[in-house]
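I opened this model to follow its strands and a few single residues, and I keep the entries below in the order in which I looked things up.

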Amino acid sequence: MESYAALLVGAMVLLAGCAGGMSGAITGDADRGGSSTTPPTTTDVERVVNATFVVEDGENVTVSLRVADEPEERQSGLMHRESLANNSGMVFVYEDAQQVSFWMKNTLIPLDMIFVAPNGTVLNVRHASPQPNASTDELRRYPSDGQAKYVVELPRGFANRTGVGPGTELVFNGTPPTVE
């Protein structure tokens, strides 16, 4: 029954992304300044993984995540998206752990950015707000507090609601995603 529910959630996220135009926060090895005047109508992100945050003194929570494992996917992320279901989002995957900094260029929904070390330990959480008319120079930067291998973006408020914070463990159900 549990695997059926996970499959159903994954299918719903996939369909929602295709219908809604999945795109998102600009991220990266360093801040990226690419801009697009035309929002994408479909997503190139095809893989969805489930992962569980193991919350100390709390209830574990499983999330469904689209995998951004290529440079173009990491750059567009959740841009132009108007909504995001609870417990669903995106995981940005890097080949090597590194200091990363994200911004909210062309991102319309508030997000929690959860920076994760290679061993699955949450380094830090940033609560990000949209900046709809900000120039590139005016955009706030949201950096990792250390070398991140993964960055998980979920609807803002997720971390506070669930108790996810530094030291929380992120465990991928199955093989962790890697860079393609």
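**A hairpin and its strands**

I began with Val 116, whose bridge partner in strand 6 is Val 122. The model is a predicted one, in which local features need pLDDT of at least 70 and side-chain atom pairs count only at pLDDT 80 or more, while totals for chains, interfaces and linings use all residues. Residues are numbered from 1 along each chain as its sequence is written, and side-chain values use heavy atoms, with hydrogens and water left out.

I then followed the two strands outward: strand 5 (residues 111–116) pairs with strand 6 in the antiparallel sense over six bridges, where pairing requires that DSSP finds at least two bridges between two strands. I took helices (H or I, at least four residues) and strands (E, at least two) as DSSP runs, numbered from the N terminus. Strand 5 and strand 6 form a hairpin with five residues between them, and Gly 120 in that turn has a positive phi of about 95 degrees.

**Asp 112**

Within strand 5 I stopped at Asp 112, and asked which side chain of opposite charge is nearest to Asp 112. It is Arg 156, 4.9 Å away, and Asp 112 is buried yet has no salt bridge. For this entry buried means under 20% relative accessible area, exposed over 50%, and partly exposed in between, with a 1.4 Å probe and protein chains only. A salt bridge needs a side-chain nitrogen of Lys or Arg within 4 Å of a carboxyl oxygen of Asp or Glu; Lys and Arg count as positive and Asp and Glu as negative, while His and the chain ends are not counted.

I did find a polar contact of 2.7 Å between the side chains of Asp 112 and His 127. By polar contact I mean a pair of N or O atoms within 3.5 Å, where within protein one must be able to donate a hydrogen and the other to accept it, and residues adjacent in sequence count only if both atoms are side-chain atoms. Leaving aside neighbours within four places in sequence, the residues in contact with Asp 112 (heavy atoms within 4.5 Å) include Val 125, His 127, Leu 154, Arg 156 and Phe 158.

**Tyr 142**

I next went to Tyr 142, which is found in strand 7 (residues 142–143). Is Tyr 142 buried or exposed? Tyr 142 counts as buried because its relative accessibility is 7%. Its side chain reaches the backbone nitrogen of Ser 129 at 3.4 Å. Tyr 142 and Phe 102 are 40 residues apart in sequence, yet their C-alpha atoms are 5.1 Å apart in space. Not counting residues up to four places away in sequence, Tyr 142 touches, among others, Phe 102, Trp 103, Met 113, Phe 115, His 127 and Ser 129.

**Strand 2 and the sheet**

I turned to strand 2 (residues 61–68), which five bridges join to strand 3 (residues 88–98), the two running parallel. In strand 3 the bridge partner of Arg 66 is Met 90, and that of Ala 68 is Phe 92. On the other pairing I noted that strand 1 (residues 48–54) and strand 2 pair in the antiparallel sense over six bridges, with Val 61 in strand 2 as the bridge partner of Phe 53. Strand 1 and strand 2 form a hairpin with six residues between them, and Asp 57 in the turn has a positive phi of about 60 degrees. Seven of the eight residues of strand 2 are buried, so strand 2 is largely enclosed by the rest of the structure.

I then read the whole sheet, an open one of seven strands in the order 6-5-8-3-2-1-9, with mixed pairing. Its edge strands are strand 6 (122–128) and strand 9 (169–172), each of which pairs on one side only.

**Two asparagines and the chain**

Most residues other than glycine have a negative phi. I therefore noted Asn 87, which has a positive phi of about 60 degrees although it is not a glycine. Asn 87 lies in the loop between helix 2 (71–76) and strand 3, and is partly exposed, with a relative accessible area of 26%. Asn 106 has a positive phi of about 60 degrees as well, and lies in the loop between strand 4 (101–102) and strand 5.

I closed with the chain, which has three helices and nine strands; of its 180 residues, 48% count as buried.
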